[in-house]
Amino acid sequence: GEAGILAMDMELDITLIAGIVVALLIVVATVLFLRQAGGTSVPRESVLLVGPASGGKTTLLSLLCNGAPPTHGTVTSMAPHRANCLLKDASAAKKGEPVSIPMIDIPGHSRLRGQLLLSHAPGCKMVLFVVDSVAFAEELSDVAELLYDAMVLLPGRPFLIVCNKQDLFFRSSKPDVVQTRLEAEFNVIKKTRAGTLESTDDGEISAQLASAQLGAEGTMFKFADLPDQPVKFIPFIANSADKTDSGSGDLTPIFEWLASNQ
(Lines give C-alpha, C1' and ligand atoms only; values in the text may rest on other atoms or scores of the structure.)
Protein backbone atom coordinates (compact mmCIF):
# COMPACT_ATOMS: atom_id res chain seq x y z
CA GLY A 1 0.00 0.00 0.00
CA GLU A 2 0.93 3.63 0.39
CA ALA A 3 3.04 2.87 3.46
CA GLY A 4 5.15 0.43 1.45
CA ILE A 5 5.65 2.90 -1.38
CA LEU A 6 6.65 5.60 1.14
CA ALA A 7 9.17 3.27 2.76
CA MET A 8 10.70 2.47 -0.65
CA ASP A 9 10.96 6.17 -1.46
CA MET A 10 12.74 6.83 1.84
CA GLU A 11 15.17 3.99 1.18
CA LEU A 12 15.93 5.42 -2.26
CA ASP A 13 16.47 8.90 -0.79
CA ILE A 14 18.84 7.53 1.86
CA THR A 15 20.75 5.57 -0.78
CA LEU A 16 21.02 8.67 -2.98
CA ILE A 17 22.22 10.84 -0.12
CA ALA A 18 24.75 8.20 0.93
CA GLY A 19 26.05 8.03 -2.63
CA ILE A 20 26.46 11.80 -2.80
CA VAL A 21 28.31 11.87 0.54
CA VAL A 22 30.68 9.12 -0.58
CA ALA A 23 31.37 10.95 -3.85
CA LEU A 24 32.13 14.19 -2.01
CA LEU A 25 34.47 12.38 0.37
CA ILE A 26 36.33 10.89 -2.57
CA VAL A 27 36.73 14.33 -4.16
CA VAL A 28 37.99 15.88 -0.92
CA ALA A 29 40.43 13.01 -0.35
CA THR A 30 41.72 13.35 -3.91
CA VAL A 31 42.28 17.09 -3.54
CA LEU A 32 44.13 16.61 -0.25
CA PHE A 33 46.27 13.88 -1.79
CA LEU A 34 47.21 16.03 -4.78
CA ARG A 35 48.17 18.91 -2.51
CA GLN A 36 50.30 16.66 -0.35
CA ALA A 37 51.92 15.18 -3.45
CA GLY A 38 53.03 18.60 -4.63
CA GLY A 39 50.16 19.89 -6.74
CA THR A 40 50.25 23.29 -8.39
CA SER A 41 48.23 24.82 -5.54
CA VAL A 42 51.40 25.03 -3.41
CA PRO A 43 53.77 27.74 -4.71
CA ARG A 44 57.49 27.02 -4.66
CA GLU A 45 59.01 29.88 -2.68
CA SER A 46 60.88 28.49 0.36
CA VAL A 47 64.55 27.64 0.86
CA LEU A 48 65.33 24.46 2.77
CA LEU A 49 68.49 24.28 4.88
CA VAL A 50 69.54 20.64 4.87
CA GLY A 51 72.54 18.74 6.24
CA PRO A 52 73.73 16.45 9.04
CA ALA A 53 73.27 17.54 12.64
CA SER A 54 75.82 19.98 14.10
CA GLY A 55 76.97 21.16 10.67
CA GLY A 56 75.97 24.80 11.18
CA LYS A 57 72.51 25.02 9.57
CA THR A 58 70.88 26.90 12.44
CA THR A 59 73.80 29.33 12.70
CA LEU A 60 73.65 30.00 8.97
CA LEU A 61 69.89 30.53 9.18
CA SER A 62 70.39 33.15 11.91
CA LEU A 63 73.17 34.88 9.97
CA LEU A 64 71.05 35.13 6.82
CA CYS A 65 67.83 36.18 8.54
CA ASN A 66 69.04 38.14 11.57
CA GLY A 67 72.51 39.28 10.54
CA ALA A 68 74.20 37.60 13.51
CA PRO A 69 74.80 34.13 14.98
CA PRO A 70 72.33 32.85 17.61
CA THR A 71 73.02 34.47 20.98
CA HIS A 72 71.91 31.39 22.91
CA GLY A 73 74.05 28.89 21.02
CA THR A 74 72.62 25.99 19.03
CA VAL A 75 71.35 22.57 20.00
CA THR A 76 70.23 19.61 17.93
CA SER A 77 66.55 20.14 17.20
CA MET A 78 63.82 17.62 16.44
CA ALA A 79 61.56 20.20 14.76
CA PRO A 80 62.11 22.54 11.78
CA HIS A 81 63.12 26.16 12.43
CA ARG A 82 61.50 28.87 10.28
CA ALA A 83 62.58 32.42 9.53
CA ASN A 84 62.41 34.98 6.72
CA CYS A 85 65.45 36.20 4.83
CA LEU A 86 65.25 39.68 3.29
CA LEU A 87 67.03 40.28 -0.04
CA LYS A 88 67.68 44.03 -0.04
CA ASP A 89 69.69 44.16 -3.25
CA ALA A 90 67.50 46.02 -5.73
CA SER A 91 68.99 44.09 -8.64
CA ALA A 92 67.73 40.88 -7.06
CA ALA A 93 64.39 42.19 -5.87
CA LYS A 94 61.13 42.19 -7.76
CA LYS A 95 60.37 45.67 -9.13
CA GLY A 96 63.24 47.09 -7.09
CA GLU A 97 61.66 46.25 -3.73
CA PRO A 98 63.12 43.90 -1.10
CA VAL A 99 62.13 40.25 -1.42
CA SER A 100 61.32 38.17 1.66
CA ILE A 101 62.28 34.52 1.31
CA PRO A 102 60.89 31.95 3.78
CA MET A 103 63.61 29.62 5.05
CA ILE A 104 63.18 26.29 6.83
CA ASP A 105 65.95 24.56 8.79
CA ILE A 106 65.35 20.79 8.44
CA PRO A 107 66.63 18.73 11.44
CA GLY A 108 69.50 16.42 10.51
CA HIS A 109 68.29 13.45 12.57
CA SER A 110 68.32 10.37 10.32
CA ARG A 111 64.85 9.21 11.41
CA LEU A 112 63.18 12.56 10.71
CA ARG A 113 64.79 14.13 7.68
CA GLY A 114 63.31 11.89 4.95
CA GLN A 115 59.71 12.51 5.96
CA LEU A 116 60.39 16.21 6.60
CA LEU A 117 61.98 16.62 3.16
CA LEU A 118 59.02 14.93 1.52
CA SER A 119 56.47 17.00 3.44
CA HIS A 120 58.22 20.28 2.56
CA ALA A 121 58.93 19.33 -1.06
CA PRO A 122 55.85 21.00 -2.64
CA GLY A 123 56.84 24.50 -1.44
CA CYS A 124 60.62 24.14 -1.85
CA LYS A 125 62.27 26.36 -4.47
CA MET A 126 65.95 25.79 -3.67
CA VAL A 127 68.22 24.08 -1.14
CA LEU A 128 71.15 25.20 1.00
CA PHE A 129 73.01 22.01 1.95
CA VAL A 130 75.42 22.65 4.83
CA VAL A 131 78.48 20.42 5.25
CA ASP A 132 80.80 20.32 8.26
CA SER A 133 84.12 20.41 6.40
CA VAL A 134 86.07 19.26 9.45
CA ALA A 135 83.95 16.18 10.13
CA PHE A 136 83.33 15.51 6.42
CA ALA A 137 85.88 12.71 5.99
CA GLU A 138 84.43 10.77 8.94
CA GLU A 139 80.80 11.50 7.99
CA LEU A 140 81.20 11.03 4.22
CA SER A 141 78.77 8.12 3.94
CA ASP A 142 76.01 9.88 5.93
CA VAL A 143 76.54 13.21 4.14
CA ALA A 144 76.38 11.51 0.73
CA GLU A 145 73.27 9.52 1.61
CA LEU A 146 71.47 12.64 2.85
CA LEU A 147 72.44 14.75 -0.16
CA TYR A 148 71.51 11.96 -2.58
CA ASP A 149 68.12 11.51 -0.88
CA ALA A 150 67.48 15.27 -0.90
CA MET A 151 68.27 15.52 -4.60
CA VAL A 152 65.96 12.59 -5.37
CA LEU A 153 63.08 13.95 -3.26
CA LEU A 154 63.56 17.53 -4.52
CA PRO A 155 64.13 17.18 -8.28
CA GLY A 156 64.60 20.28 -10.39
CA ARG A 157 65.71 22.46 -7.47
CA PRO A 158 69.13 24.18 -7.45
CA PHE A 159 71.47 23.14 -4.62
CA LEU A 160 74.16 25.27 -2.99
CA ILE A 161 76.61 23.12 -1.02
CA VAL A 162 77.96 25.33 1.78
CA CYS A 163 81.27 23.86 2.99
CA ASN A 164 81.35 25.25 6.52
CA LYS A 165 84.21 25.68 9.04
CA GLN A 166 86.82 26.56 6.39
CA ASP A 167 88.72 28.62 8.98
CA LEU A 168 90.21 25.37 10.34
CA PHE A 169 92.58 25.17 7.37
CA PHE A 170 94.52 22.00 8.15
CA ARG A 171 91.50 20.00 9.31
CA SER A 172 88.79 21.01 6.85
CA SER A 173 88.09 19.51 3.43
CA LYS A 174 88.10 22.11 0.67
CA PRO A 175 85.02 22.47 -1.60
CA ASP A 176 86.68 20.77 -4.59
CA VAL A 177 87.64 17.81 -2.40
CA VAL A 178 84.10 17.63 -0.97
CA GLN A 179 82.68 17.60 -4.50
CA THR A 180 85.04 14.90 -5.79
CA ARG A 181 84.48 12.58 -2.85
CA LEU A 182 80.71 13.05 -2.94
CA GLU A 183 80.68 12.16 -6.65
CA ALA A 184 82.61 8.96 -5.91
CA GLU A 185 80.26 8.09 -3.05
CA PHE A 186 77.21 8.74 -5.24
CA ASN A 187 78.47 6.04 -7.61
CA VAL A 188 78.58 3.60 -4.69
CA ILE A 189 75.04 4.56 -3.67
CA LYS A 190 73.74 4.12 -7.23
CA LYS A 191 75.17 0.60 -7.47
CA THR A 192 73.97 -0.40 -4.01
CA ARG A 193 70.41 0.81 -4.52
CA ALA A 194 70.15 -0.68 -7.99
CA GLY A 195 70.96 -4.07 -6.49
CA THR A 196 68.34 -3.81 -3.73
CA LEU A 197 65.54 -2.27 -5.79
CA GLU A 198 63.57 -5.49 -6.27
CA SER A 199 63.49 -6.27 -2.55
CA THR A 200 62.44 -2.77 -1.41
CA ASP A 201 59.04 -2.60 0.30
CA ASP A 202 59.43 -0.13 3.14
CA GLY A 203 56.88 2.60 2.59
CA GLU A 204 56.53 5.57 0.26
CA ILE A 205 59.87 7.27 0.95
CA SER A 206 62.03 4.14 0.79
CA ALA A 207 60.38 3.01 -2.44
CA GLN A 208 60.87 6.44 -4.01
CA LEU A 209 64.52 6.63 -2.95
CA ALA A 210 65.31 3.12 -4.12
CA SER A 211 63.65 3.51 -7.52
CA ALA A 212 65.24 6.87 -8.43
CA GLN A 213 68.66 7.25 -10.01
CA LEU A 214 70.70 10.43 -10.29
CA GLY A 215 72.60 10.77 -13.54
CA ALA A 216 72.59 8.43 -16.51
CA GLU A 217 72.49 4.72 -15.80
CA GLY A 218 75.78 2.91 -16.32
CA THR A 219 77.91 6.08 -16.24
CA MET A 220 80.14 7.63 -13.59
CA PHE A 221 78.23 10.28 -11.67
CA LYS A 222 79.17 13.95 -12.05
CA PHE A 223 77.24 16.91 -10.63
CA ALA A 224 77.91 18.76 -13.89
CA ASP A 225 75.81 16.17 -15.74
CA LEU A 226 72.59 17.36 -14.06
CA PRO A 227 71.53 20.41 -16.14
CA ASP A 228 68.04 20.49 -14.61
CA GLN A 229 69.40 20.37 -11.05
CA PRO A 230 72.41 22.71 -10.83
CA VAL A 231 74.76 22.15 -7.89
CA LYS A 232 77.36 24.66 -6.72
CA PHE A 233 80.00 24.32 -3.98
CA ILE A 234 81.30 27.28 -1.92
CA PRO A 235 83.55 27.71 1.16
CA PHE A 236 82.14 29.34 4.28
CA ILE A 237 82.79 30.16 7.95
CA ALA A 238 79.39 30.26 9.66
CA ASN A 239 80.65 31.60 12.99
CA SER A 240 82.50 34.53 11.39
CA ALA A 241 80.23 36.19 8.86
CA ASP A 242 82.25 39.41 9.04
CA LYS A 243 85.55 37.68 8.30
CA THR A 244 86.33 38.54 4.68
CA ASP A 245 90.12 38.14 4.46
CA SER A 246 89.78 34.97 2.36
CA GLY A 247 86.23 35.63 1.18
CA SER A 248 84.99 32.40 2.71
CA GLY A 249 83.22 34.10 5.63
CA ASP A 250 81.30 36.52 3.43
CA LEU A 251 77.53 36.07 3.05
CA THR A 252 77.55 37.80 -0.33
CA PRO A 253 77.99 34.61 -2.45
CA ILE A 254 74.99 33.05 -0.71
CA PHE A 255 72.81 36.14 -1.16
CA GLU A 256 73.84 36.33 -4.82
CA TRP A 257 72.95 32.67 -5.33
CA LEU A 258 69.57 33.17 -3.66
CA ALA A 259 68.90 36.21 -5.85
CA SER A 260 69.94 34.45 -9.07
CA ASN A 261 67.43 31.67 -8.42
CA GLN A 262 64.44 33.93 -7.70
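A contact here means heavy atoms within 4.5 Å. By that definition, residues 24 or more positions apart account for 73% of the chain's contacts with a separation of 6 or more.

The model is predicted: local features need pLDDT of at least 70, side-chain atom pairs count only at pLDDT 80 or more, and totals for chains, interfaces and linings use all residues. Residues are numbered from 1 along each chain as its sequence is written, and side-chain values use heavy atoms, with hydrogens and water left out.

The chain has seven helices and six strands. Both are DSSP runs, numbered from the N terminus: helices are H or I with at least four residues, strands are E with at least two. Along the sequence the order is α-β-α-β-β-α-β-α-β-α-α-β-α.

The chain holds 262 residues, and 40% of them count as buried. Buried means under 20% relative accessible area, with a 1.4 Å probe and protein chains only. The accessible surface is about 14,700 Å², computed by the Shrake-Rupley method with a 1.4 Å probe. Carbon and sulfur atoms contribute 57% of that surface.

Now to strand E3, residues 99-105. Five of its seven residues are buried, so E3 is largely enclosed by the rest of the structure. E3 pairs with E1 and with E2, as tabulated; pairing requires at least two DSSP bridges between two strands.

| Partner of E3 | Sense | Bridges | Residue opposite Asp105 |
|---|---|---|---|
| E1 (residues 46-50) | parallel | three bridges | Leu49 |
| E2 (residues 81-87) | antiparallel | seven bridges | His81 |

Asp105 of E3 thus has Leu49 opposite it, and His81 also stands opposite Asp105.

Terms used. Buried < 20%, exposed > 50% of the residue type's maximum accessible area, 1.4 Å probe, protein only.
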